Amino acid sequence: SAPQSVTLMQTVNLTRHKTGASTLCKHFGCSITVCDVGVNADIKEPKVLNKKIAYGTQNIIHGPAMTREQATQAIMTGIELAQTTNADVIGIGEMGIGNTTTSSAVLAVLLDADVDTVTGRGGGITDDSFRKKKEVIKTAILVNRPDKNDVIDVLAKVGGFDLAAMCGAFIGTAATRRPVVIDGFISAVAALCAYQLCPNVRGYLIPSHASYEIGYRLAMDAIGLQPLFLLGMRLGEGSGCPLAFEVLSAACAILNDM
């Protein structure tokens, strides 16, 4: 699987229109805000907002990913960022190596689901790595015993700063009465966290593309939403959001002009 350094490289590349999501943003004329909440490196690119809470999370097979205070700080960071972002509609995506693992762990706990039913291969791994991934998730849940009725506890114990901040961003956008687009699997898990923390968020959520990760459908069903697209996209980063913006714009044109 890919090393942590890829997260740093791609976080910077997001600001330079060199990744899938940022290329689509440039093509469609949407702005992109890149925020670091926990990359395990110093980022020298001034276009990346520095809201770093820590240099990476802890190893979840030995104990919690972060403290409850850190999880809350990440959620509040997402809320504040969304509320201060001046846009008619916001899309939420992420960049992080290994974060389908944490997303699957969070989803397994929240839905009380078997790890095998929510865990996919993520960024394309070998059979051996895939078995190990599932073992890591099962061990992390056993060791940390997160409380499925306490979203913040789940995020703190087996989640990540990205998931917590995205969860906050969904809440912050809904609080300002604007629609907010879900990207793929990781974004969908963060949206489920937001929905469970604050059910009124649901009315503002708009899914984009159906992810290939097997847990995606379960997350959507739990929120009660249907994805707009089935395009075989596997990228993440928020790449489904600019496409969904175009569909939203078209829907507005029908409502306003037809």
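**Notebook: helix packing and a few loop residues**

I opened with Leu 235, which sits in the loop that joins helix H10 (215-223) to helix H11 (240-257). A reminder to myself: this is a predicted model. Leu 235 comes out as partly exposed, since its relative accessible area is 45% and the partly exposed class runs between 20% and 50%. I then asked which residues Leu 235 touches once its neighbours within four places in sequence are set aside. The list holds Gly 20 and Ala 21. I also looked up Gly 123, which is 112 residues from Leu 235 along the chain. Their C-alpha atoms are separated by 8.5 Å.

**Helix H6**

Next I went to H6, residues 127-144. I counted 18 residues there, and the first and last C-alpha atoms are 26 Å apart. That is close to the 26 Å expected at 1.5 Å a residue.

Which residues of H6 are buried? I noted Phe 130, Lys 133, Lys 134, Ile 137, Ala 140 and Asn 144. These residues span an arc of only 125° around the axis, which places them on the same side of H6. Two lysines are in that buried set, Lys 133 and Lys 134, while Lys 132 is exposed on the face turned away from the buried side. With Lys 132 on that outer face I found Asp 128, Arg 131 and Leu 142, also exposed.

What do the buried residues of H6 pack against? I found three helices listed: H4 (99-110), H5 (115-118) and H7 (151-158). Just past the end of H6 I stopped at Arg 145, where phi is positive, at about 45°.

**Helix H7**

From H6 I moved to its partner H7, which is mostly covered. How many of the eight residues of H7 are buried? Seven of them are. I wrote them down as Val 151, Ile 152, Asp 153, Val 154, Leu 155, Ala 156 and Val 158. An aspartate, Asp 153, is part of that buried set. The cover over these residues includes H3, H4, H6, H8 and helix H9 (185-197).

I followed up the pairing with H4. The H4 and H7 axes come within 9 Å and cross at roughly 145°. The crossing is right-handed. On the H4 side the contact is made by Thr 102, Ala 105, Val 106, Val 109 and Leu 110. On the H7 side I have Val 151, Val 154, Leu 155 and Val 158, and these four are also on my list of buried H7 residues.

**Helices H3 and H8**

H3 (residues 68-84) and H8 (residues 161-175) were my next pair. Their axes come within 6 Å and cross at roughly 40°. H3 and H8 are therefore oblique to each other, and H3 passes H8 in a right-handed crossing.

Which residues of H3 and H8 meet? From H3 I noted Gln 70, Ala 71, Ala 74, Ile 75, Gly 78, Ile 79, Ala 82 and Gln 83. They face Phe 161, Ala 164, Ala 165, Gly 168, Ala 169, Ile 171, Gly 172, Thr 173 and Ala 175 of H8. Alanines and glycines turn up on both sides, including Ala 74 and Gly 78 in H3 and Ala 165 and Gly 168 in H8.

**Positive phi in loops**

I checked two loop residues with positive phi that are not glycines, starting with Asp 112 at about 55°. Asp 112 is in the loop between H4 and H5. Buried or exposed? Asp 112 is exposed, at a relative accessible area of 58%.

The other is Arg 177, with phi at about 60°. I located Arg 177 in the loop between H8 and strand S4 (180-182). Its relative accessibility of 66% makes Arg 177 exposed.

**Two last look-ups**

Asn 200 lies in the loop between H9 and strand S5 (205-207). Asn 200 is exposed, with 64% relative accessible area. I compared its position with Ala 105, 95 residues away along the chain, and got 24 Å between the C-alpha atoms.

I closed with Glu 246 in H11. Glu 246 is partly exposed, at 37%. Glu 94 is 152 residues from Glu 246 in sequence, and their C-alpha atoms are 20 Å apart.

Definitions and conventions
Residues are numbered from 1 along each chain as its sequence is written. This is a predicted model: local features need pLDDT of at least 70, side-chain atom pairs count only at pLDDT 80 or more; totals for chains, interfaces and linings use all residues. Side-chain values use heavy atoms; hydrogens and water are left out. The expected span of a helix is 1.5 Å times one less than its number of residues. Buried means under 20% relative accessible area, exposed over 50%, partly exposed in between (1.4 Å probe, protein chains only). The arc is that of the directions from the helix axis to the C-beta atoms. Contact means heavy atoms within 4.5 Å. Axes are lines fitted to C-alpha atoms, for helices over the stretch in contact, and angles run from 0 to 180 degrees between N-to-C directions. Angles under 35 degrees count as roughly parallel, over 145 as roughly antiparallel, 65 to 115 as roughly perpendicular and the rest as oblique. A crossing is left-handed if the near helix is turned anticlockwise from the far one by less than a right angle, and right-handed if clockwise.
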